[in-house]
Amino acid sequence: MAPIQFGIIMIPFQVTDVAGPVDVLSSSSIPYLRGFGNPGIAERGIDIKFHYIGEEMEPVVHGTGFRSLPTTTISTCPKLDYLLIGGPSPDYLKAIPPALASFVRERADEVKIVFTTCTGGIFASVSGLLDGLNAMTNHEAMALARELGPNVKWTAEKNWVVDGKFWTAGGACAGMDMMAHWVMENYDRDIAEAGFAALAYEPRDVNGKQVVLSRHVTK
C-alpha cells in the first residue's frame, strides 16, 4: 500500500496546533516505531509522508517568532490523502491570501479528511467549506467564528466534531486528542499506544475524559 500523503497548510498557526497532531501520527509511524525499539509491531505502523504547503517557499513566522519552512508550494504539491489546518490569529483570518483559500477549497474535494485545530476551523469556514455543517473551533474564539462563519453550526460542547469529511477540533491539545482517536480507529491499539507512550501522552475522548490505556489496566 502506498504511503499516506498528508498535507499541512503553512500559515502562521499556533505551533502546537500542528506539531501536536503531527507528532501523534509520527510517533506511531513505521520508522519511529523501529527507532524506539518496537520492531515487532513497526511494520503495522503508519506509513506516512508529510507535505508542508506554503504559498511560496518562504519561511513562515509564527506568533512566538518561531520559523518553519514549507517543503512544497500550492503549485507543486502532489495529490493528498489528508489535509491539516492549524489556527492562525484573528487578524490573519480576516485577510486570508486568496490563493491559499482557493488551494484549500480545491484540495478539500480531493482528500479523505480535512482536519482543523483551534481557529483552523474558522479558516475552513472563511474558505467556504463548512456552511451548513457542525464544526468546532477554540472555545475562546466562538464569537469570532460566528462573525466570520455565520452559516456554520458552531458548537462548544465537545473537544472535536466530525461532520462528513471534516474533523474540527477546539484548542491545540484537543487537536492532539482528535488525531489520537483517528489513529486508534484506523490502526491496531498497540500501534497507537506505542506512539502515545513515546510522547508520554494520554489522550482524552471527545467529552474531555481520559482514555483508558492498556498500561492503566491492572492484571
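The exercises below, each with a worked solution, go through a predicted model of a protein.

Residues are numbered from 1 along each chain as its sequence is written, and side-chain values use heavy atoms, with hydrogens and water left out. Because the model is predicted, local features need pLDDT of at least 70 and side-chain atom pairs count only at pLDDT 80 or more, while totals for chains, interfaces and linings use all residues.

**Exercise 1.** Work out how many helices and strands the protein has, and how its radius of gyration compares with the globule rule.

Solution. Begin with the count: the protein has nine helices and eleven strands, where helices (H or I, at least four residues) and strands (E, at least two) are DSSP runs numbered from the N terminus. Next, the radius of gyration, taken over C-alpha atoms, is set against the globule rule, 2.2 Å times the number of residues to the power 0.38. The radius of gyration is 17 Å, close to the 17 Å that the rule gives for 219 residues, so the protein is as compact as a globular protein of that length.

**Exercise 2.** Find the order of the strands in the open sheet, and name its edge strands.

Solution. Two strands pair if DSSP finds at least two bridges between them. With that rule, seven strands form an open sheet of mixed pairing, in the order E5-E2-E1-E6-E7-E11-E10. The edge strands, E5 (72-73) and E10 (160-163), each pair on one side only. Within the sheet, E1 and strand E6 (residues 82-85) pair in the parallel sense over three bridges, and Ile 8 stands opposite Leu 84 in E6.

**Exercise 3.** Decide whether Gly 7 is buried or exposed, and list its contacts beyond its neighbours within four places in sequence.

Solution. First locate the residue: Gly 7 is in strand E1 (residues 4-9). The terms are then fixed, since buried means under 20% relative accessible area, exposed over 50% and partly exposed in between (1.4 Å probe, protein chains only). Gly 7 has a relative accessible area of 0% and is therefore buried. Contact means heavy atoms within 4.5 Å, and, leaving aside those sequence neighbours, Gly 7 is in contact with His 51, Ile 53, Leu 80, Tyr 82, Leu 83 and Leu 84.

**Exercise 4.** Decide whether Val 212 is buried or exposed, and give its C-alpha separation from Glu 147.

Solution. Val 212 lies in the segment after helix H9 (189-199). Its relative accessible area is 57%, so Val 212 is exposed. Finally, Val 212 and Glu 147, 65 residues apart in sequence, are 38 Å apart in space, C-alpha to C-alpha.
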